[in-house]
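Here are three short exercises to work through with the model open beside you. Try each task before you read its solution.

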Amino acid sequence: MFGGGGGGLNPRKMEQMMEQMGIDVEDIDAEEVIIRTDEYDLVFDDAEVTKMDARGQETYQVIGSPEEVESGSAGGSTASEDTGSDAEPSIPDDDVELVATQAGVGKDEAREALEENDGDLAAAVASLE
């Protein structure tokens with residue numbers, strides 16, 4: 001079919017051709033992949049994940065058999081689960097420190113500004129200046 005012989009293209013030759021076309025392929029050592037939809041989550045344990053970067057356009061290929069679970073029940077927890085309420089999402093400490101440093105204010109004042117600006121770093125700093 002292609003190139004004659006029984007094995008198709010030589011993997012090294014294929015890699016050289018992809019490199020010439022500006023395509024970079026990388027295997028990702030993923031422990032779990034979760035695809036969330038409105039109706040359910042697809043959870044892939046031990047999936048093979050390959051990232052292909054073709055001139056800035058990233059494409060991910062996930063190979064494996066997913067388990068379909070109830071929407072939102074897969075993976076990590078959200079901020080509302082951590083606090084036990086449906087209040088505003090918690091502001092990460094790194095964001096608070098960044099705003100405090102940039103605006104030259106204390107952490108409490110920085111956290112307050114972030115909460116008032118829905119976690120928007122730039123808006124929080126601007127409101128404090």
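Helices and strands here are DSSP runs, at least four residues for a helix and at least two for a strand, numbered from the N terminus. Keep in mind that this is a predicted model.

**Exercise 1.** Work out in what order the elements of the protein chain run from the N terminus on.

*Solution.* Start by counting: the protein chain has five helices and six strands. Then walk along the chain, and the order reads α-β-β-β-β-β-β-α-α-α-α.

**Exercise 2.** Describe how helix α3 and helix α5 are placed relative to each other.

*Solution.* Two packed helices are described by the angle between their axes and the distance between the axes. Step one is to find the helices: α3 spans residues 93–103 and α5 spans residues 121–128. Step two gives the geometry: their axes come within 9 Å and cross at roughly 35°, and the crossing is right-handed. Step three lists who meets whom: from α3 come D95, L98, V99, Q102 and A103, and facing them in α5 are L121, A124, V125 and L128. Sorted by type, the residues of this contact are seven nonpolar, one polar and one charged.

**Exercise 3.** Decide whether K51 counts as buried or exposed, and find its side-chain polar contact.

*Solution.* First, locate K51 in strand β4, residues 48–54. Next, apply the cut-off: buried means under 20% relative accessible area. K51 has 19% relative accessibility, so K51 counts as buried. Finally, look at its surroundings. Beyond four places in sequence, its contacts include D24, V25, I28 and Y60. E58 is also in contact with K51, and a polar contact of 3.4 Å joins the two side chains.

Technical notes:
Residues are numbered from 1 along each chain as its sequence is written. This is a predicted model: local features need pLDDT of at least 70, side-chain atom pairs count only at pLDDT 80 or more; totals for chains, interfaces and linings use all residues. Side-chain values use heavy atoms; hydrogens and water are left out. Axes are lines fitted to C-alpha atoms, for helices over the stretch in contact, and angles run from 0 to 180 degrees between N-to-C directions. A crossing is left-handed if the near helix is turned anticlockwise from the far one by less than a right angle, and right-handed if clockwise. Contact means heavy atoms within 4.5 Å. Ala, Val, Leu, Ile, Met, Phe, Trp, Tyr, Cys and Pro count as nonpolar, Asp, Glu, Lys and Arg as charged, and the others, Gly among them, as polar. Buried means under 20% relative accessible area, exposed over 50%, partly exposed in between (1.4 Å probe, protein chains only). A polar contact is a pair of N or O atoms within 3.5 Å; within protein, one must be able to donate a hydrogen and the other to accept it, and residues adjacent in sequence count only if both atoms are side-chain atoms.
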